[in-house]
Amino acid sequence: MSHKNRKQAVFIAPSLDKSAYDLKKTSENAVSGRLFYVCVQVVINAVIIGFIAKGLVALISLITNLSFYGKFSFAESSPAHNQLGLWVIVIPVIGAVIIGIMARLGSAAIRGHGIPEAMEQVLTNESKIKPVITILKPLSAAISIGTGGPFGAEGPIISTGGAFGSFAGQIMRISPNERKIMLTAGATSGMAAIFGTPVAAVLLAIELLLFEFSPKTIIPVALACATGTAMHIAMFGSGPVFPMAELAAPTPEALAWYIGIGAVIGVLAAIVSKSIYLIEDLFEKLPMHWMWWPAIGAVAIGVVGYFAPYTLGVGYNNITELLSGNLPLQMVLGLCFLKFISWSISLGSGTSGGTLAPLLTIGGATGVLIGMAVMHFVPNTQINLPTCALIGMAAMFAGAARALLTAVIFAFEVTMQPHGLLPLLGACTASYFVSFFLMKGTIMTEKIQRRGVATPDAYEPDILQRLKAADVMASARQEEDAKDTEIYVYPDTPLHIAVALMSEYKLTSLPVLNTADNTLTGIITPALVFDAYTNFRQTGNQHQQVISVKRRRNKLLVRGRHLFNRQ
């Protein structure tokens, strides 16, 4: 049946006049004026977040000086040198009580790691975070860390940056997707402002927050991370955050050992991750309100801090010492086990704090311990302790958070050691691989998965954009299927446009017309789309042998015989 005379037809095939159909209804333009608008805003936000990061670090130093040394000073300070004796146990408890009250009266969202909470808002709440978090999260984190909490400043500033980006997105007239970009850009610019790691921050966005990779998301996030790093250079300096002596290029034998160490740390990363949530489950069973749980967890901080003061506070200096390879065995053991005990119990209690710095410290100490053992029992391995510490800290993060590329590039950017890249890639990949066999979730996703929030574990191209109408359509019966062809497509029309048309106009079937003469050549139904989607995925996962070595060998033998027979 011909349709040449249907004047009301809506043309959407790429070969026809595109003005006849608004393509914005079926596909979002990746690059547009809206993107420029968002980019300008995220850069402005990143500058503000950079100042917030500087203020957070200064506030942590002030509270540390007040709590452990009784002096009003913004100078950088560590609780490790306090002379409080047994009173050191009380200080973290006081800080935890304050945090519990803030969470109860202000917002319970200030409790926890920081990154999981940002992930949950991206996935479930159209990236809307309460504006009060912008104030309460850094304040609670400063109190927690300043009173001895064994956490890093990066988790709270990521959460704060995300909250600020979300707040800016809520007072602007933008879409939920654009607000997600602003939340992510704010969070990652905060990380870049603390560590000066622009590329790692972008990769963190891709692996843990955005759940996609496209021009409309990566451009503003990259600009925000670059701006955050510029703020880091302006306020903290341009040198590496964790300086270390220059590493030598690894030998093949040493590289094999580093990969093995990474695999072992992958097992430990799974244990560490599961321990956090096991402790959280134990706190859930306590017969008291959750606002008091941080105070109970803080007792562990104080007791461990009394015997090992170097476990108190952020402890970035501990990471630098580990990377030197010169720490005494007793301190390495303390950073490996005692730091883990105080951090896991306090974080499991629901206080405010980050996970990255503790994971780096515990992982670095573990790498050094394993390296010491290997060098003792196999003296000629050609490995060295600084590299063991470097791959240990990155492999722990890669295994626990399953952020492989983020871990590798982060470790490189904070140390600026190019010869460390190959061992980092091998060890982190081994840890990442092992973690998949030992745990379903990660230290970042387990909490929100328990609440029923599904988190993507793979980012693949949209199958509907890769198929065309001709790949899906079935043969049409001219009389029955051509009753209503006011809306139709051509065989080379992308399938996602055809699906968008069916959805918008509530069609149970969509005709496909021949490009040459506009005669009916096929029809698309929802069932055919589902079948094509399923078959496409199954075909990609089927095991098949494309080349048979045995067959190739037999063909060569036959050809050889013919050649000799001709001679």
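Colleague: How many disulfides does the structure hold?
Modeller: Zero, going by cysteine sulfur atoms within 2.5 Å as the test for a pair. Keep in mind that this is a predicted model, where local features need pLDDT of at least 70, side-chain atom pairs count only at pLDDT 80 or more, and totals for chains, interfaces and linings use all residues. Residues are numbered from 1 along each chain as its sequence is written, and side-chain values use heavy atoms, with hydrogens and water left out.

Colleague: And Cys39, buried or exposed?
Modeller: Cys39 is buried, at 9% relative accessible area. Buried means under 20%, exposed is over 50%, and partly exposed is in between (1.4 Å probe, protein chains only). Cys388 is buried too, at 0%.

Colleague: OK, zooming out: what does the secondary structure of the chain come to?
Modeller: It comes to 23 helices and two strands. Those are DSSP runs numbered from the N terminus, with helices being H or I of at least four residues and strands E of at least two. The chain has 567 residues, and 53% of them count as buried.

Colleague: Now helix H15. How many of its 12 residues are buried?
Modeller: Nine, which leaves H15 mostly covered. The buried ones include Leu404, Phe410 and Glu413.

Colleague: Which helices do those buried residues pack against?
Modeller: H6 (176-195), H7 (198-210), H11 (316-324), H13 (356-377), H14 (385-401) and H16. A contact here is heavy atoms within 4.5 Å.

Colleague: What about its length?
Modeller: H15 covers residues 404-415 and reaches 17 Å from its first C-alpha to its last, close to the 16 Å expected. The expected span is 1.5 Å times one less than the number of residues. Just after H15, Met416 takes a positive phi of about 60°.

Colleague: Switching to Thr227, what does that touch?
Modeller: Leaving out residues up to four places away in sequence, Thr227 touches Val43, Ala46 and Val47. Thr227 lies in helix H8, residues 215-236, and counts as buried at 15% relative accessibility.

Colleague: Last one: which residues form the nonpolar patch on the surface?
Modeller: Val264, Val267, Leu268, Ile271, Phe433, Phe436, Phe437 and Leu438, with about 720 Å² of accessible area together. Helix H9 (252-284) and helix H16 (421-438) are the elements giving two or more residues to the patch. Patch residues have over 30% relative accessible area and no salt bridge (Lys or Arg side-chain nitrogen within 4 Å of an Asp or Glu carboxyl oxygen). Like charges are joined within 9 Å, and nonpolar side chains (Val, Leu, Ile, Met, Phe, Trp, Tyr) within 5 Å. Areas come from the Shrake-Rupley method with a 1.4 Å probe, and for residues only the protein chains shown count as cover.
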